[in-house]
Amino acid sequence: MIKKTSIYSHPLVHHLMDPEAQKGIPGVLYLENRENDDDKKVVAEITARCFAPTLITTTSWEGFHFVGHEIRITEAVDCYGAVVWPSALVLCYFLETNVKQYNMVDKNVIEIGAGTGLVSIVASLLGAHVTATDLPELLGNLQYNISRNTKMKCKHLPQVKELSWGVALDKNFPRSSNNFDYILAADVVYAHPFLEELLITFDHLCKETTIIFWVMKFRLEKENKFVDRFKELFDLEEISSFPSLNIKLYKAMKKNPRSAGYPQSRAWKAKAISSRLLL
């Protein structure tokens, strides 16, 4: 199980927030070193799941070992959405090593921004009913990767479906049929102009019992602001942190509408889209 490790959880640090005061304190230095060691150890375990083909073929691919299977992923180097990013590896590793706490067997799972499909493939191999979604231009490569790695290997045949964040959600994903136990998202927050639409999509797909597993690489201040906006609608828990990768793994669930003043109206959605540049 991946565990969150942070020096800030230690009682000693609550009254030693001044960086100058921390210099030369053995306890703080020990905790910092331990955090770095734990981070490096788990990151090494994750990266060890990757392998390269021994022979050059006409179709380039990358290999990964998860859930007892060799997974071969074809990427498209001309598109950010068709590349396996470290966040996807972190999420795959978490799903595989936490099967007792978060059992995927027969669960309804949707991945948003599925990209190459690696996370959806791992969830399928773990026994879930998976719907992998992304933009229309990515669906061909996504379907290819999912088919070649799940055929005759999974309990439930995964589905591939178009999902443009914030677009035609009521038509393509009606709330009455949204019964997702889990939403998976790896590296969906970066420097793009559709952060509010992404937030609307999370909101639309979630029921009160839906659990979101979201892995995020922090790059810009805009992404930190998105986390703040996300917290307005969802209870957010940091499960793991990987300082060497600048990546965090979150678990989230929808807040109680009454206690959170939950903005569900169409007027809020329209306002959210019009104000997206404020993020």
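This passage walks through the overall make-up, the cores, one sheet and the aromatic pairs of a predicted model.

A good place to start is the whole chain. The chain is built with 10 helices and 10 strands. Of its 279 residues, 46% count as buried. The accessible surface of the chain comes to about 14,300 Å², and carbon and sulfur atoms own 55% of that area. Contacts can also be sorted by how far apart the partners sit in sequence. Among contacts in the chain with a separation of 6 or more, 68% join residues 24 or more positions apart.

The inside of the model comes next. The largest nonpolar core holds 44 residues, and the members that touch the most other members are Ile71, Leu91, Leu95, Leu118 and Phe213. Helix α3, which spans residues 86-97, gives the most to this core, with 8 residues. Leu91 makes a helpful example. Once its neighbours within four places in sequence are left aside, Leu91 is in contact with Val119, Leu184, Ala185, Ala186, Phe213, Val215 and Leu249. There is also a second, separate core of 29 residues, and Ile110, Leu169, Ile183 and Leu199 are among them.

One sheet can be followed strand by strand. Strands of a sheet pair through backbone hydrogen bonds, either parallel or antiparallel. In this model, an open sheet of 3 strands runs in the order β1-β2-β3, and the pairing is antiparallel. Its edge strands are β1 (50-51) and β3 (69-73), each of which pairs on one side only. Strand β2, covering residues 62-66, is joined to β3 by 5 bridges in the antiparallel sense. Across this pairing, Phe64 stands opposite Ile71 in β3. Ile71 is already familiar as one of the residues that touch the most other members of the largest nonpolar core.

Helix α7 is mostly covered, with 11 of its 11 residues buried. The buried residues of α7 include nonpolar names such as Leu195 and Ile200, but also Glu196, Glu197, Asp203 and His204. Phe202 is another buried member of this helix, and its relative accessible area is 0%.

Phe202 leads on to the aromatic rings. A pair of aromatic rings is described by the distance of the centres and the angle of the planes. A search of the whole structure finds 13 aromatic pairs. In one of them, Phe202 and Phe230 meet edge-to-face, at 5.4 Å centre to centre and with 85 degrees between the planes. This pair links distant parts of the chain: Phe202 belongs to helix α7 (residues 195-205) and Phe230 to helix α8 (residues 221-233), 28 residues apart. Phe230 is buried as well, with a relative accessible area of 0%.

Phe230 has a further partner in Trp214. The ring centres of Trp214 and Phe230 are 4.8 Å apart and their planes lie at 50 degrees, so this pair is tilted. Because Trp214 lies in strand β8 (residues 211-217) and Phe230 in helix α8, the pair ties together parts that are 16 residues apart in sequence. Both Trp214 and Phe230 are buried. Stepping back, ring pairs link Phe202, Trp214, Phe226, Phe230, Phe234 and Tyr250 into a cluster.

Rings can have charged partners too. The charged end of Lys161 sits over the ring of Phe173, 4.3 Å from its centre. Elsewhere, Lys248 lies over the face of Phe218, at 5.5 Å from the ring centre.

Terms used
Residues numbered from 1 in each chain as written. Predicted model: local features only at pLDDT ≥ 70, side-chain atom pairs only at ≥ 80, totals over all residues. Heavy atoms only, no water. Phe/Tyr/Trp six-rings, centres within 6.5 Å; stacked < 30°, edge-to-face > 60°. Helix = DSSP H or I, 4+ residues; strand = E, 2+ residues; numbered from the N terminus. Buried < 20%, exposed > 50% of the residue type's maximum accessible area, 1.4 Å probe, protein only. Lys NZ or Arg CZ within 6 Å of the ring centre and 35° of its normal. Contact = heavy atoms within 4.5 Å. Areas by Shrake-Rupley, 256 points an atom, 1.4 Å probe, with all protein chains shown as cover. Core = buried A, V, L, I, M, F, W, Y, C linked by side-chain atoms within 4.5 Å. Pairing = 2+ DSSP bridges.
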